Amino acid sequence: MPSPETPPVLGQWILDTRSWYPEVEKVHQLEKYASRALSLLPTATGSQVFRYVRPVDAKMALGSALLKHYAVARLSRDPATPWSRVVATGFKVGPPDGGTGGTTKPIYVDPDTGRQPVSFNVSHQAGVVAIVAVATTAAANQGGEEKGRNEEGEEEEVVQVGVDVVSPPERRKRDLEFISSSGWPAFVDMHAEVLGHGEVAYLKHQVPLRADAGSTEQANDERLRAFYALWALREAYLKLGGTGLVADWLRELEFRGFRAPRPTAAWDVPASEDKGEVLNDISIWLRGQKVEDVDMCLRSIGPEFMVATAVRTPGNKAARLGSALGPYEVLSLDEVLDFAEVSG
(Lines give C-alpha, C1' and ligand atoms only; values in the text may rest on other atoms or scores of the structure.)
Protein backbone atom coordinates (compact mmCIF):
# COMPACT_ATOMS: atom_id res chain seq x y z
CA MET A 1 0.00 0.00 0.00
CA PRO A 2 1.43 3.42 -0.87
CA SER A 3 2.57 5.59 2.00
CA PRO A 4 0.02 8.28 2.88
CA GLU A 5 2.91 10.75 2.61
CA THR A 6 3.50 9.93 -1.05
CA PRO A 7 2.24 12.87 -3.11
CA PRO A 8 -0.28 11.90 -5.81
CA VAL A 9 0.80 12.25 -9.45
CA LEU A 10 -0.56 15.41 -11.04
CA GLY A 11 -1.11 16.22 -14.73
CA GLN A 12 -1.96 19.64 -16.25
CA TRP A 13 -2.64 19.91 -19.97
CA ILE A 14 -4.11 22.40 -22.42
CA LEU A 15 -5.54 22.09 -25.93
CA ASP A 16 -5.86 25.23 -28.02
CA THR A 17 -8.73 24.47 -30.40
CA ARG A 18 -8.78 27.91 -32.05
CA SER A 19 -6.80 26.71 -35.07
CA TRP A 20 -8.50 23.32 -35.42
CA TYR A 21 -10.28 22.46 -38.67
CA PRO A 22 -10.30 25.93 -40.28
CA GLU A 23 -12.44 24.53 -43.13
CA VAL A 24 -15.38 24.00 -40.77
CA GLU A 25 -18.11 26.62 -41.02
CA LYS A 26 -20.99 24.46 -39.78
CA VAL A 27 -20.85 21.99 -36.89
CA HIS A 28 -21.99 19.03 -39.02
CA GLN A 29 -18.81 19.41 -41.10
CA LEU A 30 -16.79 18.10 -38.17
CA GLU A 31 -18.09 14.64 -39.06
CA LYS A 32 -15.83 14.84 -42.11
CA TYR A 33 -12.88 16.93 -40.99
CA ALA A 34 -12.65 15.58 -37.41
CA SER A 35 -13.31 11.96 -38.36
CA ARG A 36 -10.00 10.71 -36.94
CA ALA A 37 -10.62 12.30 -33.54
CA LEU A 38 -14.26 11.23 -33.43
CA SER A 39 -13.35 7.62 -34.31
CA LEU A 40 -11.27 7.45 -31.12
CA LEU A 41 -14.19 8.38 -28.86
CA PRO A 42 -17.23 6.33 -27.86
CA THR A 43 -20.20 7.03 -30.13
CA ALA A 44 -22.24 8.55 -27.29
CA THR A 45 -19.40 10.89 -26.38
CA GLY A 46 -18.76 11.96 -29.95
CA SER A 47 -22.41 12.66 -30.56
CA GLN A 48 -22.40 15.30 -27.82
CA VAL A 49 -20.09 17.40 -29.99
CA PHE A 50 -22.92 17.86 -32.50
CA ARG A 51 -25.31 19.28 -29.91
CA TYR A 52 -23.69 22.69 -30.28
CA VAL A 53 -24.65 25.38 -32.78
CA ARG A 54 -21.34 27.20 -33.07
CA PRO A 55 -18.23 25.39 -34.35
CA VAL A 56 -16.10 27.07 -31.66
CA ASP A 57 -18.22 25.44 -28.95
CA ALA A 58 -18.30 22.07 -30.70
CA LYS A 59 -14.51 22.08 -31.05
CA MET A 60 -14.11 22.83 -27.34
CA ALA A 61 -16.48 19.96 -26.51
CA LEU A 62 -14.35 17.68 -28.67
CA GLY A 63 -11.19 18.94 -26.98
CA SER A 64 -12.73 18.37 -23.56
CA ALA A 65 -13.66 14.77 -24.39
CA LEU A 66 -10.20 14.06 -25.77
CA LEU A 67 -8.45 15.52 -22.72
CA LYS A 68 -10.55 13.48 -20.28
CA HIS A 69 -9.63 10.28 -22.10
CA TYR A 70 -6.01 11.39 -22.35
CA ALA A 71 -5.77 12.09 -18.61
CA VAL A 72 -7.23 8.75 -17.54
CA ALA A 73 -5.15 6.72 -19.99
CA ARG A 74 -1.99 8.71 -19.25
CA LEU A 75 -2.14 8.71 -15.43
CA SER A 76 -3.97 5.56 -14.34
CA ARG A 77 -1.84 2.82 -12.74
CA ASP A 78 -2.33 -0.56 -11.04
CA PRO A 79 -3.94 -1.34 -13.38
CA ALA A 80 -3.29 1.01 -16.25
CA THR A 81 -6.36 1.98 -18.27
CA PRO A 82 -5.91 1.97 -22.06
CA TRP A 83 -7.67 4.69 -24.05
CA SER A 84 -10.26 2.28 -25.43
CA ARG A 85 -11.36 1.28 -21.90
CA VAL A 86 -12.30 4.84 -21.01
CA VAL A 87 -15.79 4.15 -22.24
CA ALA A 88 -17.54 7.08 -20.63
CA THR A 89 -17.13 9.85 -18.09
CA GLY A 90 -20.37 9.73 -16.16
CA PHE A 91 -21.80 12.14 -13.65
CA LYS A 92 -22.14 11.41 -9.95
CA VAL A 93 -25.33 13.37 -9.49
CA GLY A 94 -26.02 12.87 -5.79
CA PRO A 95 -26.07 10.43 -2.90
CA PRO A 96 -28.03 7.17 -3.26
CA ASP A 97 -30.73 8.30 -0.85
CA GLY A 98 -31.60 11.25 -3.06
CA GLY A 99 -30.60 13.77 -0.41
CA THR A 100 -28.42 16.82 -0.76
CA GLY A 101 -24.64 16.95 -0.79
CA GLY A 102 -23.92 15.11 -4.03
CA THR A 103 -21.75 16.44 -6.81
CA THR A 104 -22.16 17.00 -10.53
CA LYS A 105 -18.52 16.59 -11.47
CA PRO A 106 -17.77 14.31 -14.41
CA ILE A 107 -15.90 11.22 -13.26
CA TYR A 108 -14.53 7.93 -14.59
CA VAL A 109 -15.00 4.74 -12.58
CA ASP A 110 -13.19 1.57 -13.62
CA PRO A 111 -15.97 -0.98 -14.24
CA ASP A 112 -13.79 -3.88 -13.03
CA THR A 113 -12.50 -2.42 -9.78
CA GLY A 114 -15.14 0.17 -8.93
CA ARG A 115 -12.28 2.61 -8.36
CA GLN A 116 -11.87 6.14 -9.60
CA PRO A 117 -8.25 5.81 -10.80
CA VAL A 118 -7.93 9.42 -11.94
CA SER A 119 -9.72 12.49 -10.62
CA PHE A 120 -9.97 15.33 -13.13
CA ASN A 121 -11.62 18.63 -13.88
CA VAL A 122 -11.94 20.49 -17.17
CA SER A 123 -12.53 24.12 -18.09
CA HIS A 124 -12.84 25.82 -21.46
CA GLN A 125 -13.09 29.40 -22.61
CA ALA A 126 -12.64 31.20 -25.92
CA GLY A 127 -11.30 28.11 -27.69
CA VAL A 128 -8.88 26.98 -24.97
CA VAL A 129 -9.51 23.76 -23.01
CA ALA A 130 -7.59 22.96 -19.82
CA ILE A 131 -7.59 19.87 -17.63
CA VAL A 132 -6.03 19.17 -14.24
CA ALA A 133 -5.91 15.53 -13.24
CA VAL A 134 -4.47 13.49 -10.40
CA ALA A 135 -3.82 9.76 -10.18
CA THR A 136 -5.50 8.54 -7.01
CA THR A 137 -4.17 5.65 -4.98
CA ALA A 138 -5.96 2.41 -4.22
CA ALA A 139 -5.89 3.36 -0.55
CA ALA A 140 -7.80 6.58 -1.24
CA ASN A 141 -10.42 4.73 -3.27
CA GLN A 142 -10.84 1.84 -0.85
CA GLY A 143 -10.93 3.72 2.42
CA GLY A 144 -7.52 4.81 3.66
CA GLU A 145 -6.93 6.06 7.17
CA GLU A 146 -6.43 9.71 6.24
CA LYS A 147 -9.67 11.65 5.95
CA GLY A 148 -10.67 15.27 5.76
CA ARG A 149 -13.94 17.17 5.59
CA ASN A 150 -15.40 19.25 2.81
CA GLU A 151 -17.36 22.50 3.13
CA GLU A 152 -20.49 20.56 4.10
CA GLY A 153 -18.69 18.74 6.93
CA GLU A 154 -18.76 15.44 5.03
CA GLU A 155 -15.75 13.11 5.09
CA GLU A 156 -13.58 13.11 1.96
CA GLU A 157 -10.72 10.81 1.00
CA VAL A 158 -10.03 11.11 -2.73
CA VAL A 159 -7.86 14.03 -3.82
CA GLN A 160 -10.01 16.69 -5.48
CA VAL A 161 -9.02 19.00 -8.31
CA GLY A 162 -10.55 22.07 -9.95
CA VAL A 163 -9.58 24.37 -12.81
CA ASP A 164 -11.03 27.45 -14.43
CA VAL A 165 -9.90 29.32 -17.55
CA VAL A 166 -10.93 32.93 -18.08
CA SER A 167 -10.37 35.32 -20.98
CA PRO A 168 -11.22 38.94 -20.09
CA PRO A 169 -10.94 40.13 -23.73
CA GLU A 170 -13.77 37.79 -24.78
CA ARG A 171 -16.35 39.93 -22.94
CA ARG A 172 -14.40 43.20 -22.93
CA LYS A 173 -16.64 45.16 -25.30
CA ARG A 174 -19.82 44.24 -23.45
CA ASP A 175 -18.24 44.83 -20.03
CA LEU A 176 -16.78 48.23 -20.92
CA GLU A 177 -20.12 49.35 -22.36
CA PHE A 178 -21.88 48.43 -19.12
CA ILE A 179 -19.24 50.17 -17.00
CA SER A 180 -19.39 53.26 -19.21
CA SER A 181 -23.16 53.54 -18.78
CA SER A 182 -23.60 52.34 -15.19
CA GLY A 183 -20.21 52.64 -13.48
CA TRP A 184 -17.71 50.18 -12.03
CA PRO A 185 -19.46 49.83 -8.63
CA ALA A 186 -22.65 48.78 -10.43
CA PHE A 187 -20.69 46.13 -12.37
CA VAL A 188 -19.39 44.69 -9.10
CA ASP A 189 -22.84 44.86 -7.49
CA MET A 190 -24.26 42.88 -10.40
CA HIS A 191 -22.11 39.92 -9.27
CA ALA A 192 -22.11 40.60 -5.52
CA GLU A 193 -24.41 37.70 -4.64
CA VAL A 194 -21.76 35.18 -5.68
CA LEU A 195 -18.79 37.01 -4.11
CA GLY A 196 -17.54 37.32 -0.55
CA HIS A 197 -18.28 40.58 1.29
CA GLY A 198 -14.60 41.48 1.52
CA GLU A 199 -14.09 40.72 -2.15
CA VAL A 200 -16.85 43.14 -3.14
CA ALA A 201 -15.21 45.92 -1.13
CA TYR A 202 -11.80 45.09 -2.59
CA LEU A 203 -13.03 45.16 -6.18
CA LYS A 204 -14.86 48.44 -5.69
CA HIS A 205 -12.16 50.39 -3.89
CA GLN A 206 -8.80 48.62 -3.65
CA VAL A 207 -7.81 47.14 -7.02
CA PRO A 208 -4.23 48.32 -7.64
CA LEU A 209 -3.87 50.17 -10.93
CA ARG A 210 -0.64 50.27 -12.88
CA ALA A 211 1.07 53.64 -13.17
CA ASP A 212 0.70 53.51 -16.96
CA ALA A 213 -3.08 53.01 -16.79
CA GLY A 214 -3.64 56.63 -17.70
CA SER A 215 -7.07 56.58 -19.32
CA THR A 216 -10.39 55.55 -17.81
CA GLU A 217 -10.61 52.66 -20.26
CA GLN A 218 -7.17 51.36 -19.26
CA ALA A 219 -8.09 51.62 -15.59
CA ASN A 220 -11.28 49.66 -16.22
CA ASP A 221 -9.29 47.01 -18.08
CA GLU A 222 -7.16 46.62 -14.94
CA ARG A 223 -10.28 46.34 -12.78
CA LEU A 224 -11.84 43.78 -15.14
CA ARG A 225 -8.66 41.71 -15.10
CA ALA A 226 -8.82 41.66 -11.29
CA PHE A 227 -12.49 40.67 -11.40
CA TYR A 228 -11.89 37.76 -13.79
CA ALA A 229 -8.84 36.65 -11.81
CA LEU A 230 -11.06 36.41 -8.73
CA TRP A 231 -13.78 34.68 -10.73
CA ALA A 232 -11.28 32.04 -11.87
CA LEU A 233 -10.07 31.44 -8.31
CA ARG A 234 -13.59 31.05 -6.97
CA GLU A 235 -14.71 28.77 -9.81
CA ALA A 236 -11.66 26.51 -9.46
CA TYR A 237 -12.27 26.20 -5.72
CA LEU A 238 -15.99 25.55 -6.13
CA LYS A 239 -15.31 22.87 -8.73
CA LEU A 240 -13.32 20.84 -6.19
CA GLY A 241 -16.60 19.43 -4.94
CA GLY A 242 -18.74 20.11 -8.00
CA THR A 243 -21.03 22.48 -6.10
CA GLY A 244 -20.63 25.49 -8.37
CA LEU A 245 -22.59 28.67 -7.76
CA VAL A 246 -25.38 26.84 -5.88
CA ALA A 247 -23.25 26.31 -2.76
CA ASP A 248 -25.02 27.75 0.27
CA TRP A 249 -21.65 28.88 1.70
CA LEU A 250 -20.79 30.89 -1.42
CA ARG A 251 -20.66 34.29 0.28
CA GLU A 252 -18.66 32.87 3.20
CA LEU A 253 -15.80 31.98 0.86
CA GLU A 254 -13.20 34.73 0.51
CA PHE A 255 -9.88 35.14 -1.26
CA ARG A 256 -7.99 37.73 0.73
CA GLY A 257 -5.25 39.94 -0.66
CA PHE A 258 -5.53 38.45 -4.14
CA ARG A 259 -4.36 40.24 -7.24
CA ALA A 260 -4.37 39.54 -10.95
CA PRO A 261 -1.19 38.11 -12.44
CA ARG A 262 0.52 40.29 -15.01
CA PRO A 263 -0.01 39.05 -18.58
CA THR A 264 2.81 37.31 -20.39
CA ALA A 265 4.05 38.79 -23.66
CA ALA A 266 2.61 36.02 -25.85
CA TRP A 267 0.82 32.67 -25.74
CA ASP A 268 4.08 30.71 -25.99
CA VAL A 269 6.04 32.82 -23.50
CA PRO A 270 6.33 30.96 -20.17
CA ALA A 271 4.89 32.77 -17.16
CA SER A 272 7.38 33.84 -14.50
CA GLU A 273 6.65 34.03 -10.78
CA ASP A 274 9.43 36.62 -10.40
CA LYS A 275 7.62 38.90 -12.87
CA GLY A 276 4.27 38.52 -11.11
CA GLU A 277 2.81 36.41 -13.92
CA VAL A 278 2.25 33.41 -11.60
CA LEU A 279 0.68 33.66 -8.15
CA ASN A 280 0.95 30.84 -5.60
CA ASP A 281 0.41 32.79 -2.37
CA ILE A 282 -3.36 32.37 -2.43
CA SER A 283 -5.04 33.05 0.92
CA ILE A 284 -8.37 31.19 1.15
CA TRP A 285 -10.86 31.72 3.96
CA LEU A 286 -14.18 29.97 4.59
CA ARG A 287 -16.57 30.90 7.37
CA GLY A 288 -13.84 32.99 8.97
CA GLN A 289 -11.31 30.14 9.06
CA LYS A 290 -8.24 29.83 6.86
CA VAL A 291 -8.43 26.85 4.48
CA GLU A 292 -5.32 24.71 5.00
CA ASP A 293 -5.88 21.63 2.84
CA VAL A 294 -6.15 23.32 -0.58
CA ASP A 295 -3.29 24.46 -2.81
CA MET A 296 -4.05 26.99 -5.55
CA CYS A 297 -2.17 28.67 -8.37
CA LEU A 298 -3.21 31.48 -10.71
CA ARG A 299 -1.15 32.02 -13.85
CA SER A 300 -1.26 34.02 -17.04
CA ILE A 301 -1.07 32.34 -20.42
CA GLY A 302 -0.37 35.07 -22.91
CA PRO A 303 -2.11 38.45 -22.72
CA GLU A 304 -5.62 36.99 -23.12
CA PHE A 305 -5.94 34.07 -20.69
CA MET A 306 -5.60 33.25 -16.99
CA VAL A 307 -5.98 29.79 -15.48
CA ALA A 308 -6.65 28.99 -11.83
CA THR A 309 -5.87 25.55 -10.44
CA ALA A 310 -6.99 24.07 -7.12
CA VAL A 311 -6.01 20.78 -5.47
CA ARG A 312 -7.37 19.49 -2.17
CA THR A 313 -5.58 16.72 -0.26
CA PRO A 314 -8.14 15.96 2.47
CA GLY A 315 -6.70 15.12 5.87
CA ASN A 316 -3.19 14.61 4.51
CA LYS A 317 -1.10 17.77 4.68
CA ALA A 318 2.05 15.76 3.98
CA ALA A 319 0.77 15.11 0.45
CA ARG A 320 0.23 18.79 -0.38
CA LEU A 321 0.77 19.49 -4.07
CA GLY A 322 1.60 23.18 -4.02
CA SER A 323 5.06 22.65 -5.48
CA ALA A 324 3.58 20.52 -8.28
CA LEU A 325 1.28 23.26 -9.59
CA GLY A 326 3.62 24.27 -12.37
CA PRO A 327 2.93 25.33 -15.95
CA TYR A 328 0.38 23.54 -18.10
CA GLU A 329 1.72 21.46 -20.95
CA VAL A 330 0.19 22.66 -24.23
CA LEU A 331 -0.56 19.61 -26.38
CA SER A 332 -1.20 19.55 -30.09
CA LEU A 333 -4.19 17.69 -31.48
CA ASP A 334 -1.90 15.23 -33.26
CA GLU A 335 -0.03 14.47 -30.03
CA VAL A 336 -3.27 13.47 -28.33
CA LEU A 337 -4.55 11.40 -31.27
CA ASP A 338 -1.18 9.65 -31.70
CA PHE A 339 -1.20 8.77 -28.00
CA ALA A 340 -4.73 7.41 -28.27
CA GLU A 341 -3.85 5.15 -31.18
CA VAL A 342 -0.73 3.82 -29.45
CA SER A 343 -2.51 3.36 -26.11
CA GLY A 344 -5.03 1.01 -27.68
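The following questions and answers go through the aromatic pairs, cores, strands and selected residues of a predicted model.

User: What conventions apply to the numbering, the confidence limits and the atoms used?
Analyst: Residues are numbered from 1 along each chain as its sequence is written, and side-chain values use heavy atoms, with hydrogens and water left out. The model is predicted: totals for chains, interfaces and linings use all residues, local features need pLDDT of at least 70, and side-chain atom pairs count only at pLDDT 80 or more.

User: How many helices and strands does the protein chain have?
Analyst: Helices (H or I, at least four residues) and strands (E, at least two) are DSSP runs, numbered from the N terminus. On that basis the secondary structure comes to 10 helices and 15 strands.

User: What percentage of the 344 residues count as buried?
Analyst: Buried means under 20% relative accessible area, exposed over 50%, and partly exposed in between, with a 1.4 Å probe and protein chains only. By this criterion the buried portion of the 344 residues is 51%.

User: What share of the contacts with a separation of 6 or more is between residues 24 or more positions apart?
Analyst: Contact means heavy atoms within 4.5 Å. Among contacts in the protein chain with a separation of 6 or more, the share from residues 24 or more positions apart is 66%.

User: Which geometry class does the aromatic pair of Phe187 and Phe227 have?
Analyst: Rings of Phe, Tyr and Trp (its six-membered ring) pair if their centres lie within 6.5 Å; planes under 30 degrees apart count as stacked, over 60 as edge-to-face and the rest as tilted. The structure holds 12 such aromatic pairs. In this one the centres are 5.1 Å apart and the planes are at 75 degrees, which is edge-to-face.

User: Which helices does the pair of Phe187 and Phe227 link?
Analyst: Phe187 is buried at 1% relative accessible area, and Phe227 is buried at 2%. The two residues are 40 residues apart and link distant parts of the chain, namely helix H7 (residues 184-190) and helix H9 (residues 216-238).

User: Why is the pair of Tyr202 and Phe258 classed as it is?
Analyst: Both Tyr202 and Phe258 are buried. Their ring centres are 4.7 Å apart and their planes are at 50 degrees, so the pair is tilted.

User: Which residues form one aromatic cluster with Phe187 and Phe227?
Analyst: The cluster contains Phe187 and Phe227. Its other members are Phe178, Trp184, Tyr228 and Trp231.

User: How far is the charged end of Arg256 from the ring centre of Trp285?
Analyst: A charge sits over a ring if NZ of Lys or CZ of Arg is within 6 Å of the ring centre and within 35 degrees of the ring normal. Arg18 sits in this way over Trp267, 5.0 Å from the ring centre. For Arg256 over Trp285 the distance is 4.0 Å.

User: Which element gives the largest share of the largest nonpolar core?
Analyst: A nonpolar core is a set of buried Ala, Val, Leu, Ile, Met, Phe, Trp, Tyr and Cys residues joined through side-chain atoms within 4.5 Å. The largest has 42 residues, and those with the most contacts inside it are Leu203, Tyr237, Phe255, Ile284 and Met296. The largest share, 11 residues, comes from H9.

User: In what order do the four strands of the open sheet stand?
Analyst: Two strands pair if DSSP finds at least two bridges between them. The pairing in this sheet is antiparallel, and the edge strands, each pairing on one side only, are strand E8 (160-166) and E10. The order is E8-E14-E13-E10.

User: Which residue in E13 stands opposite Leu279?
Analyst: E10 and E13 pair in the antiparallel sense over two bridges. Opposite Leu279 stands Leu298.

User: How far apart in space are Arg312 and Met296, C-alpha to C-alpha?
Analyst: Arg312 lies in strand E14 and is buried, with a relative accessible area of 2%. In sequence Arg312 and Met296 are 16 residues apart, and in space the distance is 8.9 Å.

User: Which residues does Asp110 touch, not counting residues up to four places away in sequence?
Analyst: Asp110 is in the loop between strand E3 (106-107) and strand E4 (118-125). Asp110 counts as buried, at 7% relative accessibility. The residues touched are Thr81, Arg85, Arg115 and Pro117.

User: What is the phi of Tyr21?
Analyst: Most residues other than glycine have a negative phi. Tyr21 lies in the loop between strand E1 (9-16) and helix H1 (30-33). Tyr21 is not a glycine, yet its phi is positive, at about 45 degrees.
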